Amino acid sequence: MTEVLIKADSLKKIYKSFGDEVEALRGVSLEIYKGESVAVMGHSGSGKSTLLSIIGGLNPPSAGRIEIDGIDLYALSQEKRADFRREYLGFVFQQFQLIPYLTAMENVMLPLTTTSYSAKRKREMAEYVLTRVGLEGKMNRLPNQMSGGEQERVAIARAIVNEPPLILADEPTGSLDTKTGQEIMELFHELNSEGLTILMVTHNPENTASMGRTISMKDGRLCADQAEVVPLAACKAR
Amino acid sequence: MSIIQIALNNLKRRKTRMAFLLVGLVVGVATVVALFSIVQAMRLELGDRLDEFGANVIITPRSEGMELNYGGTHVSEVSFNVQSLTEDDLPKIREIPDGDSINIISPKLVGAVIANGQNALLVGVDTKREFTMKPWFTLQEQTDLAYGQKPGDLSLLDIPKDSLLLGSGAARAFGVQAGETITVNSRKFKVFGVLNELGAEEDGLVYGNLLVVQGLLGRPGEFSLIEVAAYCNFCPVEEIVAQINDVLPNGQATALRQAALIREETIDRFSSFGIALSGVVLLIAALVVLTTMLSSVNERTREIGIFRAIGFRQLHVVQIILLEAMMVSVVGGLTGFIVGNAVARSAGPFLAQMNVSVPWNTEMILPSVMLAAGLSVTASIYPALKAARLDPVEALRFI
């Protein structure tokens, strides 16, 4: 775990809204190593989702620099960044974000749509990951024919189907009951033990138990970066 | 999974919206197809029925002439160096470059005669050609008809060489009826028939066989004028006139402004109206496509955000939207073709005010689909670009 995968340097993000400026990130620097599982904790508005979107190549920072696997993300053109996301990142969004008119299999194959793999190969890859997340009998179901836990598994399968080195998850258990949430966290743990790097935004402290490291954020700054969770009340922004 | 599959699945899912889009395209394409088919059928019908409209080119012998006026009063016309038209000129007319467009050539010789002691104008014609060209000439009386039998069709009758046809006015003036005898320049002729009254100068004329009249007037092989019925769907009659003038140095061809041309003008006006109407309907169809696709994009903001986040390029998003537009437009184009043809066939005769039969215009299939596709894709470019430019962060409400 010595090779740096994500290197963020003095990231700032300012949103302009009706003439007002809101500082969502006020100079965040961090390093995440290959194979790590990192939880980002913080209250609403602490900047954790903004940090995730910047690392995900979706949201250019107002200042600072971010490198993933040595690639300066925002030096790339928008279209190249799209290619980067397809090759390097797997997203697990809040509320699953599955395409409602596509089956589980088709949803999982989405990231492969624009690749040069054959149709047969795409199908094999999708079948493999759907089986991996425990949905072997439900591949042809539409999202509305599946439970929340199953939809989350489809979302995870979609994130890992293109075999990315990094998974970015935004409140993946937010829409699930406690038991299903625990099962999903176990699945993330398994994926991490297979070598995937996972960066997860959550405000559920229970989720941090299976994560190797927890970063706490407050008012757009990191306030703790360690293996143990720091109670947010005690967190002083650095 | 492919971009095409994504587009197709989305279309299947949004059936109502896509049906609305389809209706817009069908109405647009059907209007164009219907109007185009009707105008095309009208033009073909006009060509086929040219003989109903008479001659549209008249050839007279070339002459130098001047009008004599004195003190503003027309005194007389003086013609000199008059040339003549002869039998030899007829094949030359057929051989002009647009000769295929010439339907009927009807030469005639006109001369003054004494009929039953009165001055009269005698016209020598090839009766079948002349009366095919002028179907409004009909028989009121005919000689040797059995009781209850109706006079025949002039364009089909063989008029004997010893007989004449009289206009209704001439028959009254000479006091003769069908079957009686009339003396013209001391030669006796049988009155084959009397024409129905037209209310025109022709009512006072006497018609006879061209060869007989040429002999009677002492001008064998000569014509006073040649009438030509020509119709060309794709070339103006003026072109035919110019070509005739080139081959007949002894003749002077002139285009007549008559029924066929007036009818052509009507078709041109209908055609212009059709183009304007099609333009308006297509514009409305384009707006329907634009608004439908825009609202579809707005509805799919989150979905497009997902596509972008998982690695779809902006170009891929544009492809999805335009493919959807293209797929609907193929169905819309084909349906519009069928509906347009059906409308043209049923409403064509009423709209054209003409007894036209509109055929199934299969050569319009490809243009119909291309029109629909062009319209649909053009109107979808802005929605597609808007979709591609959506900020995925906002689309997914990441902030």
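## A tour of salt bridges and a cavity

Start by selecting B:Arg17 and B:Glu299, whose side chains meet in a salt bridge, 2.4 Å from N to O. This pair ties together distant parts of chain B: B:Arg17 belongs to helix 2 (residues 15-48), B:Glu299 belongs to helix 8 (residues 259-299), and 282 residues separate them. Keep in mind as you look around that this is a predicted model.

Now colour the two by accessibility. B:Arg17 counts as partly exposed because its relative accessibility is 24%, and the cut-off for buried is under 20%. B:Glu299 is also partly exposed, with a relative accessible area of 48%. Next, widen the selection to B:Arg13, B:Arg14, B:Arg17, B:Glu299, B:Arg300, B:Glu303 and B:Glu324: salt bridges that share partners join these residues into one network.

**Over to chain A**

Select A:Glu36 and A:Arg213. Their closest N and O atoms lie 2.7 Å apart, and the two form a salt bridge. Here, too, distant parts of the chain are linked: A:Glu36 sits in the loop between strand 2 (20-33) and strand 3 (37-41), while A:Arg213 is in strand 9 (residues 213-218), 177 residues away.

Are these two partners buried or exposed? A:Glu36 counts as buried, at 9% relative accessibility, and A:Arg213 is buried as well, with a relative accessible area of 12%.

For another stop in chain A, pick A:Arg65 and A:Glu67. Their side chains meet in a salt bridge at 2.5 Å, N to O. A:Arg65 is partly exposed, with a relative accessible area of 40%. If you would like to carry on by yourself, the count of salt bridges over all chains comes to 29.

**Into a cavity**

The structure holds two cavities of 30 Å³ or more. Head for the second largest cavity, which contains about 50 Å³ of space. To display its lining, select A:Arg85, A:Leu89, A:Gly90, A:Phe91, A:Pro111, A:Arg158, A:Ala159 and A:Asn162, then add B:Ala309 and B:Ile310 from chain B.

Which element gives the largest share of this lining? Show strand 6 of chain A, which supplies three residues. Strand 6 spans 89-92, and helix 5 (148-160) of chain A joins strand 6 in supplying at least two lining residues each.

Finally, colour the lining by residue class: six residues are nonpolar, two polar and two charged.

Notes. Residues are numbered from 1 along each chain as its sequence is written. Chains are lettered from A and ligands numbered from 1 in the order in which they are written. This is a predicted model: local features need pLDDT of at least 70, side-chain atom pairs count only at pLDDT 80 or more; totals for chains, interfaces and linings use all residues. Side-chain values use heavy atoms; hydrogens and water are left out. On a 1 Å grid over the protein atoms alone, a cavity is a set of points where a 1.4 Å probe fits but cannot get out, and a pocket is an open set with protein on both sides within 12 Å along at least five of seven lines; lining residues have an atom within 4 Å of a point. Grid points are joined across faces, edges and corners, and a volume is the space filled by probe spheres set on the points. Helices (H or I, at least four residues) and strands (E, at least two) are DSSP runs, numbered from the N terminus. Ala, Val, Leu, Ile, Met, Phe, Trp, Tyr, Cys and Pro count as nonpolar, Asp, Glu, Lys and Arg as charged, and the others, Gly among them, as polar. A salt bridge is a side-chain nitrogen of Lys or Arg within 4 Å of a carboxyl oxygen of Asp or Glu. Buried means under 20% relative accessible area, exposed over 50%, partly exposed in between (1.4 Å probe, protein chains only).
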